[in-house]
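User: I would like to go through the charged and nonpolar side chains of a protein model, with the criteria stated as we go.

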Amino acid sequence: MNAKNLRKAALCVALGACLGAVVPSAMAQDGAVVGRLVADGGQKLEGATVTVRNPDTGLTRSATANADGSYRIPLLPPGKYVMELTVAGGNPVRVGDITVQLGNATTVNVPVSGVSTLGAVEVKAPQVISMVDVTSTESAMNISRQDVARMPVDQSLTSVAMLAPGVVSGKSSLGGISFGGSSVAENSVYIDGLNVTDFYNRVGFSSAPFAFFQEFQVKTGGYSVEYGRTTGGVINAVTRSGTNEFHAGVELTAEPTAWGLGGNDYFTQDGKPYYISSRDGGSQFKLNGYGSGPIIKDKLFFFAMYEARDTRDFNTNSGGSVFNDGTADDGFWGGKLDWQINDSNSLSLLAFSDKNEKVTEVFDYDYATRKRGLQSNEVYTNTGGQNWALTYNGQLTDTFSVKAMVGTNSRDYSSKSLSDIECNRVVATTAMTPAGAVLGCTTSSTVADRTDERQAGRLDFEWTLGDHLLRFGMDREKNTSDYQQHYTGPGAYYYNVYATTPGATLANGGVVPAGVTGYVRARRYEVSGKFETDNEAYYLEDNWSVTPNLLLNLGVRLEAFDNKDSEGRSYIKMDSMIAPRFGFSWDAKGDGTMKVFGNVGRYFLPVANVINIKQAGGLLDERTFYAFDGWQSNTRNGSTYLTPILGDQIGPVDDSQGNGTVGDLRSEVDRDMDPVYQDELILGFQQSINEAWSYAVRGIYRKLHNAIDDMEITATGACGDSYVGWVMANPGKNVTVWGDTNCDGSADGWLTVDTAKEGWAMYDDDGNYVGQRGWEKPKRDYKALEVQLDRAWDGKWSMNASYTLAYGRGNAEGPVNSDTDFSDTGRTENFDDPWVNYAGYGYLANDRRHQLKLRGAYAINDNWTIGATLDTRSGGPVTGFGVGNPYDGTNYHSYYVCVSNCTAANASERVYEKSGRGAYGRLPWTYELGASVTWHKEFGAADLKVKFAMYNITNQQKRLSVDQELETDIGYRNDTFLWPTSFQSPRYAQLVVSLNY
């Protein structure tokens with residue numbers, strides 16, 4: 001047996017050997033071993049027994065070969081196994097060592113000869129087919145903790161996901177990552193099978209120290225029917241477990257302030273600070289210790305970890321007038337118990353806590369002298385929570401297995417400060433802000449307290465019936481948000497100061513009086529309650545081996561989402577959502593070295609809990625407009641600040657988006673709402689060059705259907721300009737709400753509005769109703785070609801290179817809008833009225849035409865290893881958003897700008913020009929180069945590693961986003977248009993020292 005070649009082939013799986021490292025049918029947090037026994041003399045091997053044993057834990061699983069010699073051993077925890085073969089009651093014969101990985105099936109075809117009637121058998125070198133897996137149609141990248149440790153990859157799940165092709169960082173302050181052209185609010189993250197994704201806004205997730213994980217899997221497309229509730233990507237991680245040997249270790253991670261650089265400073269044309277980041281920085285020190293081993297040998301194992309943390313980050317505000325100094329020192333704890341009841345049944349209990357409190361001291365700051373002054377505030381931010389999951393695995397027969405999981409994912413969030421009672425938040429446009437002035441006495445806009453708790457359960461089965469592998473199951477989540485939020489200061493008002501012109505129409509319909517050149521919007525925003533969403537799904541999948549060389553994957557997933565208001569009543573309920581998934585894999589040469597594969601599938605996206613809270617709770621969203629009568633000077637804690645002087649009220653108080661009561665949601669939610677879903681088509685080719693090298697090509701097409709967003713319906717087909725109000729619905733489709741059907745001004749029955757043609761009242765210059773306008777349907781499509789070349793780690797070196805050519809077009813990015821930094825998932829301004837998105841089709845915010853990623857490691861000798869990563873991509877499109885449009889007097893963002901007669905009282909007299917998506921070119925190319933060097937030395941039973949890594953070595957600080965508001969009001973150009981709003985993170989270094997026994 002060529003054991004060296006076997007080890008090399010198995011190791012290649014860990015690096016995701018080719019494009020998408022296509023994943024066979026295996027349950028999410030387990031692996032499998034599949035293959036065929038091939039006798040050279042034509043003997044029947046039906047009934048032969050294949051056995052795998054994990055020498056670290058004693059776990060042993062067996063399977064009986066079918067008539068054609070095929071076998072399958074499911075539900076194997078990731079790790080290294082020894083394989084044996086027994087024929088006709090003879091003695092077991094060792095086949096070799098194999099590696100089982102997260103979510104993957106390792107294919108081992110075993111040539112045998114010399115089969116005797118007494119069961120004697122000779123095993124030739126087995127063929128481990130892992131570089132080109134002909135048993136699957138999914139797309140994913142697998143990588144282990146050890147693989148990551150050889151390269152400069154920062155210690156986060158996001159950094160691991162960024163290694164995969166087609167994954168880019170979010171464009172704006174929303175953060176997050178984008179998979180295949182999707183927005184940053186469409187992904188899912190799992191730890192040991194427990195969904196830990198933030199369901200409030202769908203951008204963040206719960207996490208753990210890097211040293212807590214054993215292996216990672218990043219699914220970029222084509223995932224099987226057991227996964228749902230995502231139209232982006234999936235990050236799947238498995239944690240470490242104990243074995244029959246006691247192990248312990250400590251790991252220190254150090255990022256001192258001195259090892260990082262501050263950013264650049266930018267100024268206005270008259271020398272005023274605009275974007276100050278030279279004083280931004282921080283430090284991070286983490287020391288974790290772990291212990292693992294057997295409680296009962298071969299039966300019960302433990303793994304436990306505690307990590308002490310000391311983190312500091314500091315920064316100035318963009319204008320260089322405020323200095324924030326934040327610290328956090330809460331530790332992490334986590335552990336895992338694994339009970340192998342017997343070789344067919346096991347239980348696993350995972351628990352961890354990522355609770356954290358950050359305290360930020362806020363100081364006045366003098367940029368000219370680089371000195372901070374008196375402390376003005378102190379902000380307390382709490383995040384994280386406690387999590388647990390109990391998982392049962394059972395191989396009930398050779399052909400039937402089951403897996404069950406129950407768990408809880410908890411995430412807290414609260415933000416409060418010392419100035420919350422005394423200080424209102426004040427923000428003004430650049431033109432309205434006096435030179436060098438400090439506005440308001442707080443940097444915090446809201447007082448918020450939220451606890452999100454997910455109660456999850458799932459049941460999964462596998463049943464082998466001849467040439468068919470049936471996989472079926474169900475999962476259910478109860479997601480509850482307990483939420484309270486309001487603005488800071490007396491009256492809980494947030495003041496915004498804007499420039500305007502006499503005669504202009506404000507958002508509440510008020511007209512600016514003569515002589516008024518500025519106005520103040522005083523907004524109260526309060527919401528509280530307990531909000532629940534129930535998600536459930538059932539799935540069925542058939543992996544049918546039509547011929548020895550052709551596999552068909554036929555699956556369907558049935559989903560249901562139920563969002564409830566603060567009184568527990570269903571208000572957005574969608575069920576019977578059928579998501580078909582079909583795929584094929586053709587072993588072109590019949591030897592597992594070349595494969596043509598493809599899949600087509602549908603994926604549904606649930607409604608985030610933020611929608612329940614902001615529409616189905618006791619929401620008060622009250623906006624009062626006043627004439628701006630100048631600034632008032634105030635003093636607090638020795639610091640001087642300005643607050644606006646309120647003049648006469650302009651127009652009525654606007655509480656159309658929330659008056660403090662739940663109200664009749666029948667008039668606020670489409671009764672027959674359709675879900676948001678995405679269809680995906682993938683075709684690919686994959687080939688192994690030799691035992692180490694492989695390459696692949698993959699074509700991808702994704703199309704998003706529907707949007708669920710808030711729309712202001714001001715007219716109906718039945719009654720003309722009959723106001724309905726703000727409605728959560730599908731823009732561009734029929735919307736059915738409780739409304740006025742007989743035109744008497746009161747709601748009396750179900751009313752259907754075809755929002756593709758009607759729903760928005762239009763008026764002439766004299767205020768006369770002249771007709772209706774409808775909404776454009778949301779559009780988003782993504783086309784990409786991915787090419788990847790991989791060289792698997794063989795103990796000496798490894799390399800992976802990928803290039804992605806992608807096109808992301810549409811008129812809607814998704815449930816969030818990074819162009820304008822709108823982060824309330826599902827409540828973007830894109831569909832507030834028909835004109836916001838009119839003529840808005842083009843390249844979307846996450847469109848990156850070219851992406852090139854390189855990573856690799858090289859062992860100089862037994863003690864020294866170097867690694868490197870390179871991420872290069874072209875910039876996203878830049879748009880100049882206008883205010884208003886040539887068809888209506890509204891003043892939302894639009895794809896038109898006023899070029900003449902902009903101050904005319906009559907909207908029809910104003911002259912506009914189109915300012916389409918991407919009309920102002922693109923952001924610059926960016927690249928980030930990282931490098932690391934690792935020293936490794938064994939001292940008896942002790943293993944010492946010292947890794948020094950540097951990120952963004954060349955200290956690139958290219959613009960990642962710019963101010964895209966071309967106008968601040970109709971006809972008023974924004975002085976900071978195209979000015980940068982975020983940059984690449986400056987260079988920093990990290991030292992990791994680990995000692996393991």
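The questions and answers below deal with salt bridges and surface patches.

User: What kind of model is this, and what pLDDT do local features need?

Analyst: This is a predicted model, in which side-chain atom pairs count only at pLDDT 80 or more, totals for chains, interfaces and linings use all residues, and local features need pLDDT of at least 70. Residues are numbered from 1 along each chain as its sequence is written, and side-chain values use heavy atoms, with hydrogens and water left out.

User: How many salt bridges does a search of the whole structure find?

Analyst: Side chains of opposite charge can pair when their charged atoms come close. The criterion applied is a side-chain nitrogen of Lys or Arg within 4 Å of a carboxyl oxygen of Asp or Glu. With it, the search of the whole structure gives a total of 48.

User: Which residue meets arginine 698 in a salt bridge, and is arginine 698 buried or exposed?

Analyst: The partner is glutamate 786, with an N to O distance of 2.9 Å. Arginine 698 lies in strand β40 (residues 693-705) and glutamate 786 in strand β47, so the pair ties together parts that are 88 residues apart in sequence; strands (E, at least two residues) are DSSP runs numbered from the N terminus. Buried means under 20% relative accessible area, exposed over 50%, and partly exposed in between (1.4 Å probe, protein chains only). Because its relative accessible area is 1%, arginine 698 is buried.

User: Which residues are linked with Arg454 and Glu477 in a network of salt bridges?

Analyst: The side chains of glutamate 477 and arginine 454 meet at 3.3 Å, N to O, and the pair links strand β31 (residues 468-487) with strand β30 (residues 446-465), 23 residues apart. Both glutamate 477 and arginine 454 are buried. The other members of the network are Arg229, Asp475, Arg557 and Glu559.

User: About how much accessible area does the nonpolar patch with Trp544 have together?

Analyst: Patches are made of residues with over 30% relative accessible area and no salt bridge, like charges being joined within 9 Å and nonpolar side chains (Val, Leu, Ile, Met, Phe, Trp, Tyr) within 5 Å. Tryptophan 544 is partly exposed, with a relative accessible area of 31%, and its place is in strand β33. β33 (518-547) and β39 (676-688) each supply at least two residues of this patch. Areas come from the Shrake-Rupley method with a 1.4 Å probe, and the patch has together about 640 Å².

How values were computed:
Helix = DSSP H or I, 4+ residues; strand = E, 2+ residues; numbered from the N terminus.
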